[in-house]
Amino acid sequence: MIRENNKLFALDTPTTSYLFQVNETGHLEHLHYGRKFQLQAGDLNALEDKHRHTIGDEPAYDEDHPTLFLENLPMEYSTEGKGDYRVPMVVVDHDGGFTTLDFIYQNHLITAGKQTIPHQGAQAYGSVQNCMSLRVELRDSQLPIFLVLSYTVFEDSDVILRFSQLINKTDHHIYIRKLDSLQLDLSDANWDLVTFNGAWARERIMERAHLRHGSHVNESRSGLSSSDHNPLLLLARPDATEKQGEVIGYNLIYSGNHKEEVEVSPFGKTRLVGGINESAFLWKLPSGSTFTSPEAILTYSTEGFEGVSTRFHRFVNEHIVRGVWKWRERPVLCNSWEAAYFDFDENKLLNLARSAAALGAELFVVDDGWFGSRNDDTSSLGDWFPSPQKIPSGLSALSDKIHNLGMMFGLWIEPEMVNKESQLYLKHPDWVIAIPGRKPSVGRHQYILDLTRKEVRDYLYDAIGKVFSEADVNYVKWDCNRLFTDLYTVNDEVRNMGEFPHRYVLGLYELLDRFTKAFPNVLFEGCASGGQRFDLGMLCYVQQIWCSDNTDALDRIAIQEGTSYGYPLSAIGCHVSTAPNHQTLRMTSLETRANIAFFGAFGYEMDLGALSREEKQQVREQIAFFKQFRAVFQYGTFHRNRHGNITQWTVVSQDKRTLLVLWNQERMTVNGPNDILLVPEAEDGALYEVLSRPQELELASLGARVARKVAPLTNLSKNPNATVSASMEHYLVSGGLLKYAGIKLPEQFLGCGFDADSRILGDMGGRIYLIRKQ
Ligand code: GLA
């Protein structure tokens, strides 16, 4: 709901309210973002910033307003030159380095629904039933340069979306040095900044630090939204926990260089600005034209981090992900990468697929290596036709065979890249991003194609689209395996090299748009060396994203948990891989690996045919279990209840009748305290049945002595793969007990006694509990 009364704007969602007003000088003064309350007469005056006195050396806005200091006014936007020395949201060079502007309110418009801007790429969507928008137009006090601030309120997810536009109505071009998507000025600085940082193979690890005076920057300059610093950012009260306390969530719907800056002013106010990174950005805006920023979203909750992530999950599933896969359960996949890397032929693929189909997988993905003469990562990117050596009967024959096994057929592609060793490069060396006269840098033996150029996009669309149609492809993994350097283009539509990074992203979005529209039934999964481009921009086109190249279960706990703060589980690609793990060499049981991977778009990335009979049986049961509860894992509400060494993740079905709880210990504590299963999500007054998922214990992992105790009749030397069923737990308990007291779990094996109820877990051991309301 958006209301305007006497130039006071109230943007309400069911639990939040966002208030600002046009002040006496025509600036937009921010008044409140947070918990919703009933506005009474008199509130407005109380909410306004009070400026009655001059302040030392601070410049006042003008002689008529000697006590109005923009430096200390909470505002909806800011620019340079009029005494606000905090980080600006807009910087325009309108005359040879002259950047002073002063945007003053002109008019506004409130409409039902949400505006879509043509040729702008990734954007959220909504209908007249579930959202409402406001557009406020401001003009510089002197020049016909306009700033438009747009707001959309999404009732169903408590989200407010913002973007901004600059319109140049002068008779000459101007340069935009910076145009952020939003600015949020908060009245105090008692916030912790929470960001999601990392690198390749350790993406989106949550970090939290209290704000101090000055600026904190969260940014990417590598051309991708990056695994170094995801655009997702939270501001939390220092006492905020998973379930309680005030948290503000921010994210950007963008896949390129982004920058968020949080600044605490000398007066203890906090400013958040976020949008396209101004580094390497300079946009030439000709007379009469408009530049539009990407969209950014905000949410707010008093229910801690969980409140924010639940809202974001709902928003992403409802207003970002689109097409036939929206709210649809994702197929259990089997991917060839860690099973075979580049080393396969058609027979090997078929064998992998047969064993996957036999165990219940629904989608077989041929990862890297199927095209051109690609046998390692030095060649063939760009040559999008099946390798005659590896797949002699062609992709459509292979696809038919996979379909005949009852599985969907998926393919890996990396459209944005080219190897020098390729037919494409021989023909079009000038399609590569490079600066004339300089040797371009290289990453993974590959170069980036200039997607700002229409002929490049057309080639990719034609070549790859042909493969998709001929081979009846049902799933595509869209990869991107290097970062950007040597930013330059010969495309003369790009008026200035400072436009190039953003125009590349728009070119990428255009290409993704063409593919996703032409192949509406295909399930797309994004990927960039794992999770280098895990963002809401990509999720406007792809329905899920490969979370990380690191498939180690222990590392995945932090990676998946960090990702879950902003992104729904249905969008997070999670695979079970082999042990020892290929990235960490860590040994983890097959059951634990599955328990962690269940919380997402689940699959396997290993040679399932090479498993022992016992392991195959475990996989068969894991897949069957997952299919039964897939809707809960992917679309239930997700709760993080970490306590020390224990990761506890819970998903609750939409009807709240089914709960699945992961209880996993990172490290075994010998003779430790009682383990208690406390489930805060249970409902007091209800009755629940609690069952542990049947799991197998690999006897060899226990050592001969313990194995003899646990399974005296099994001869390990005869069958080194032998397993035994883990103890089962079964309880019928009240919701109040689950919620407030917790179930005291049976003791863990600790080297002394043992009986049929002992839980043998070890390091990285745990269980899934299936909890059903009676
Ligand atoms: C990237 C991806 C992997 C795999 C390889 C193939 O690293 O993240 O999953 O597809 O490329 O080269």
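User: What's 2.7 Å from an N or O atom in the side chain of Lys-477?
Analyst: An oxygen atom of the ligand. Keep in mind that this is a predicted model.

User: Ok. And how far is a polar side-chain atom of Asp-368 from an oxygen atom of the ligand?
Analyst: That distance is 2.6 Å. Asp-549 also has a polar side-chain atom by a ligand oxygen, at 2.5 Å.

User: How much of the ligand's accessible area does the protein cover?
Analyst: On its own the ligand has 310 Å² of accessible area, and the protein covers 96% of that.

User: How many residues surround it, and which are the closest?
Analyst: There are 13 around the ligand, and the closest are Asp-367, Asp-368, Lys-477, Gly-530 and Asp-549.

User: How does that shell divide into nonpolar, polar and charged?
Analyst: You get 6 charged residues, 4 nonpolar and 3 polar.

User: Switching topic: which residues are buried in helix α5?
Analyst: Helix α5 covers residues 395-404, and the buried ones there are Leu-395, Leu-398, Ser-399 and Ile-402. Looking down the axis of α5, they fall within an arc of 100°, so they line one face of the helix.

User: Why would residues three or four places apart point the same way?
Analyst: Because an α-helix has 3.6 residues a turn.

User: Nice. What do the buried residues of α5 pack against?
Analyst: Two helices, α4 (346-359) and α7 (454-470), plus the strands β22 (363-366) and β23 (408-413).

User: And what's going on with Gly-406, just after α5?
Analyst: Gly-406 takes a positive phi there, about 85°.

Key:
Residues are numbered from 1 along each chain as its sequence is written. This is a predicted model: local features need pLDDT of at least 70, side-chain atom pairs count only at pLDDT 80 or more; totals for chains, interfaces and linings use all residues. Side-chain values use heavy atoms; hydrogens and water are left out. Buried means under 20% relative accessible area, exposed over 50%, partly exposed in between (1.4 Å probe, protein chains only). Helices (H or I, at least four residues) and strands (E, at least two) are DSSP runs, numbered from the N terminus. The arc is that of the directions from the helix axis to the C-beta atoms. Contact means heavy atoms within 4.5 Å. A residue is near a molecule or strand if one of its heavy atoms lies within 4 Å of it. A polar contact is a pair of N or O atoms within 3.5 Å; within protein, one must be able to donate a hydrogen and the other to accept it, and residues adjacent in sequence count only if both atoms are side-chain atoms. Accessible areas come from the Shrake-Rupley method with a 1.4 Å probe; for residues, only the protein chains shown count as cover. Ala, Val, Leu, Ile, Met, Phe, Trp, Tyr, Cys and Pro count as nonpolar, Asp, Glu, Lys and Arg as charged, and the others, Gly among them, as polar.
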